Amino acid sequence: MSWGTELWDQFENLDKHTQWGIDFLERYAKFVKERLEIEQNYAKQLRNLVKKYCPKRSKDEEPRFTSCLSFYGILNELNDYAGQREVVAEEMGHKVYGTLMKYSQDLKAERKHHLQEGRKAQHFLDQCWKQMDNSKKKFERECKEAEKSQITFERLDNDINATKSEVEKAKAQYYLRTHMADESKNEYAAQLQNFNAEQWKHFNNSIPHIFKNLQDMDQRRTVKLGETYRSFAEAERRVIPIISKCLEGMVSAAKAVDDRRDSGIVVESFKSGFDPPGDFPFEDFSQNLSRTGSDGAISSTPKGERDGAPGPRPDPKHTMSKAKNKLWLFGKKPKAPSVEDYSHLPPEQRRKRLQQKIDELNNKLQIEMDQRDALNKMKDVYEKTPHMGDPNSLQPKISETICNMEKLRSEIHKHEAWLSEVEGKQGSRDRRHSADNHHPAPQGRESPEGSYTEDAGQEHHTPHHHSGPPQPGHPSTDPHDFDDEFDDDDPLPVIGHCKALYSFDGQNEGTLVIAEDEVLYIIEEDKGDGWTRARKQSGEEGYVPTTYVEITMEKNCKGAVTYI
């Protein structure tokens, strides 16, 4: 991948990346130097060095470049032979540290030269734009003055009381202003043509050439790091055959350095997907001027149109503002705020960050589930063998783990919704729009407002006094399963009570109709599907959405949890 074509608008990011590359190279050189200073010490000093240079950033911030990963691989190998006391300081100081420091100075000078060329090219383009903008403003002013002089001339020409000298003077002023407007128009057209040509050369020749030089420099830096990694390993390999396996791992890490892959990661990380700006249009301000054949008609079209090539006339404000947004390649861009849904990022970068976050949350959820299973197994052991421990002592931890799982599931669902939005999938707003257009919703579809609907004619019920809570999936609608569940000879014991925060229509099989502030008895906890089994004071039993009620469990009830 070429930086010149893929990252034409990422000068600031490439500036930071190349500086980071030099800093990373110097950081590695510093590592080698400190290694030389403590090489004669025992394994403890070596392990401390490895610990010092291990990445301290979070997983999301850890560099993905092969040169970085190779360096961290070397640190791991170094920790394996921490007990060795052999010394290779002299050879490493000459072939690794000295080479790196000299190469670092060369890279700094080369990078400075390329960046100066880029800023000089941008400065020249800015000057061309200012000249074009000034000529356009002058053209606009001259046209307005010509219009005024035309109005004055026509007024005096039609005034019977005006003297001939006044009319002639007004006519001369009108011709003068018209001539000046025509000259300003020609100047503006020339400046515009010049700017568009310079802009094309800037984004198609100058910038690709500069970015290609920066890419070559960065790739050579990556290759040099790979070579010094190899030299670092080979120096010890010749002296310490006992740790040859560890050194072979370092060589493998050095071979893993891939300059093309690193360049591709840079493109993947910084590519915005925007297109280069197009040509600026010609804006004609002389359309309101009336011309006479005897006075010599002044052309009201740019040169290109007089030659037979019609020119487009888009909205000048829209075109100028759009071009300005993409023109300032080297200017500092405002720092986008970090938001939870990554909406400040370009679509492709946002999709990747959301997918990474979902994977991270799934891993955390799996850990919580494993912990819950382990606690449940331990609780079963305590119940079977009470002398090993009290099973009730594990209940708070189990409840906490279940609560954490619910929070993680909620976060995963939220991020998946954002990811679906980015990928163009139909979201909750599309479903609402479909319902407004009288498209029937399939059975089991939840309405966006939080009420359950079975057909398009059913009224959506929105809880009042509170914002609508999330609606769970409906319980089983199989009448046989439901009948079996309620046909027990003995009614289920009451394990708590709840107060309805919202009203619920309960039109599904097996659900209860509840009113806001109604008090019910809890006979079965939420099993993770979002539904709680309750009993009315009249004795009617059924399921209600857990998020629609405020539940208080009895203190002596096992696994008591309060949902709010």
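1. Let's start with Asp517, which has a relative accessibility of 47% and so counts as partly exposed. For orientation, what you have on screen is a predicted model. Asp517 belongs to the loop between β1 and β2. Take a look at its backbone too: phi is positive there, about 70°, although Asp517 is not a glycine.

2. Now step back to Glu516, which is placed in the loop between β1 and β2. Is Glu516 buried or exposed? Its relative accessible area is 18%, so Glu516 is buried, because the cut-off for buried is under 20%. Compare that with Asp517, which counts as partly exposed at 47%. Glu516 also gives you a handy distance to check: its C-alpha atom is 5.1 Å from that of Ala500, and 16 residues separate the two along the chain.

3. With the loop done, go on to the sheet. How many strands form it, and in what order? There are 5 strands, the sheet is open, and reading across you meet β4, β3, β2, β1 and then β5. The pairing is antiparallel. If you're wondering what holds such an arrangement together, strands of a sheet pair through backbone hydrogen bonds, either parallel or antiparallel.

4. Which strands sit at the edges? They are β4, covering 541–545, and β5, covering 549–553, and each of them pairs on one side only. From one strand to the next, the twist averages 40°.

5. Strand β1 (residues 496–500) is a good one to trace by hand. On one side, 5 bridges link β1 to β5, and the two run antiparallel. Two of the partners in β5 are worth finding: Lys499 is bridged to Glu550, and Ala500 has Val549 as its bridge partner.

6. Strand β1 also pairs with β2 (residues 519–524), again in the antiparallel sense, over 4 bridges. Here you can look for Cys498 opposite Leu520 in β2 and for Gly496 opposite Ile522 in β2.

7. Where do the side chains of β1 point? They alternate: Gly496, Cys498 and Ala500 go to one face and are buried, whereas His497 and Lys499 go to the other face and are not buried. Try turning the model until you can see both sets.

8. Next along is the β2 and β3 pair. Strand β3 covers residues 531–535, and 3 bridges join it to β2 in an antiparallel run. One position to look at is Glu524, which stands opposite Arg533 in β3. The two strands make a hairpin with 6 residues between them, and Gly528 in the turn has a positive phi of about 100°.

9. A word on cysteines. A disulfide is a covalent bond between the sulfur atoms of two cysteines. How many disulfides does the structure hold? The count is 0. Cys68 has 0% relative accessibility, so it counts as buried. Cys498 counts as buried as well, because its relative accessibility is 0%.

10. Leaving the sheet, find helix α5 (residues 89–157) and helix α6 (residues 164–237). Their axes come within 7 Å and cross at roughly 170°. That angle is why α5 is roughly antiparallel to α6, since angles over 145 degrees count that way. The crossing of α5 and α6 is left-handed. Sorted by class, the residues in this contact are 31 nonpolar, 19 polar and 19 charged.

11. One more helix pair to visit is α11 (residues 347–384) with α12 (residues 395–422). They pack at an angle of about 160°, and their axes are 9 Å apart. So α11 is roughly antiparallel to α12. The α11 and α12 crossing is left-handed. Their contact has 15 nonpolar, 8 polar and 12 charged residues.

Notes. Residues are numbered from 1 along each chain as its sequence is written. This is a predicted model: local features need pLDDT of at least 70, side-chain atom pairs count only at pLDDT 80 or more; totals for chains, interfaces and linings use all residues. Side-chain values use heavy atoms; hydrogens and water are left out. Two strands pair if DSSP finds at least two bridges between them. Axes are lines fitted to C-alpha atoms, for helices over the stretch in contact, and angles run from 0 to 180 degrees between N-to-C directions. Angles under 35 degrees count as roughly parallel, over 145 as roughly antiparallel, 65 to 115 as roughly perpendicular and the rest as oblique. A crossing is left-handed if the near helix is turned anticlockwise from the far one by less than a right angle, and right-handed if clockwise. Ala, Val, Leu, Ile, Met, Phe, Trp, Tyr, Cys and Pro count as nonpolar, Asp, Glu, Lys and Arg as charged, and the others, Gly among them, as polar. A disulfide is a pair of cysteine sulfur atoms within 2.5 Å. Buried means under 20% relative accessible area, exposed over 50%, partly exposed in between (1.4 Å probe, protein chains only).
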